[in-house]
Amino acid sequence: MSRKRAFISFDYDHDENAKLMLAGQAKHPDTPFDFTDASVKDHLPGDWKEKIRRRMNNIDVVIVLCGQSTHLATGVATELAIAREKSKPYFLLAAYSDKSCTKPSGALATDKVYSWTWDNLKALIGGAR
């Protein structure tokens, strides 16, 4: 499988450590993805939504890390909407196995939150969803 370029969307205020762990996995030789860019905060100067649209132009998949407060993270909801607008494949990944993880607002009822295991991650990057 060729390595996919992944955009990781996450709640900066609560889940940055989980994002760092996921980005760290991209450094392993058998990882099926390269970490391309990260989520940005709502209060960045300028048209941050346009910046996200440009960043998503050259990615293959969007990984939405879901934590306990993801349903309140407006930036994550916006990034998910932009991914759908650009017809980018995406999946929701539970950032924690020992906590209740929530979907971003705007997620579809059919969007499943997948467990973060090595096998799941490889399958999801490969399109199994």
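Which residue in β5 does leucine 93 stand opposite? In the predicted model described here, the residue of β5 that stands opposite leucine 93 is tyrosine 114. This position belongs to the pairing of β4 with strand β5 (residues 113–114), in which the two strands run in the parallel sense and are linked over two bridges.

On the side of strand β3 (residues 61–66), β4 is again paired in parallel, here through five bridges. Leucine 93 takes part in this pairing too, as the bridge partner of leucine 65. Between β3 and β4 the chain passes through helix α3 (residues 74–85), and the resulting β-α-β crossover is right-handed.

The surroundings of β4 (residues 90–94) are consistent along its length: five of its five residues are buried, so the strand is largely enclosed by the rest of the structure. In a regular strand the side chains alternate between the two faces of the sheet. In β4 both faces are covered, with Tyr90, Leu92 and Ala94 buried on one side and Phe91 and Leu93 buried on the other.

Two of these residues, Phe91 and Leu93, recur in the largest nonpolar core, which comprises 35 residues and in which they are listed together with Leu22, Met56, Val62 and Leu65 as the residues that touch the most other members. The elements that contribute two or more residues to this core are β1 (4–9), α1 (12–25), α2 (48–55), β3, α3, β4 and α4 (118–125). Of these contributions, that of β3 is the greatest, at six residues. For methionine 56, the contacts beyond four places away in sequence are made with Phe7, Val62, Glu79, Ile82, Ala83, Lys86 and Lys88, and Val62, like methionine 56, is named among the core residues that touch the most other members.

Aromatic side chains were examined next. The structure holds one aromatic pair, formed by phenylalanine 10 and tyrosine 12 in a tilted arrangement, with 4.6 Å from centre to centre and 50 degrees between the planes. The partners differ in accessibility: phenylalanine 10 is buried, with a relative accessible area of 1%, whereas tyrosine 12 is partly exposed because its relative accessible area of 28% lies between the limits of 20% for buried and 50% for exposed residues. A further ring, that of tyrosine 96, has lysine 99 lying over its face, at 4.4 Å from the ring centre.

How values were computed:
Residues numbered from 1 in each chain as written. Predicted model: local features only at pLDDT ≥ 70, side-chain atom pairs only at ≥ 80, totals over all residues. Heavy atoms only, no water. Buried < 20%, exposed > 50% of the residue type's maximum accessible area, 1.4 Å probe, protein only. Helix = DSSP H or I, 4+ residues; strand = E, 2+ residues; numbered from the N terminus. Pairing = 2+ DSSP bridges. Right-handed = clockwise from strand over helix to strand, strands pointing away. Core = buried A, V, L, I, M, F, W, Y, C linked by side-chain atoms within 4.5 Å. Contact = heavy atoms within 4.5 Å. Phe/Tyr/Trp six-rings, centres within 6.5 Å; stacked < 30°, edge-to-face > 60°. Lys NZ or Arg CZ within 6 Å of the ring centre and 35° of its normal.
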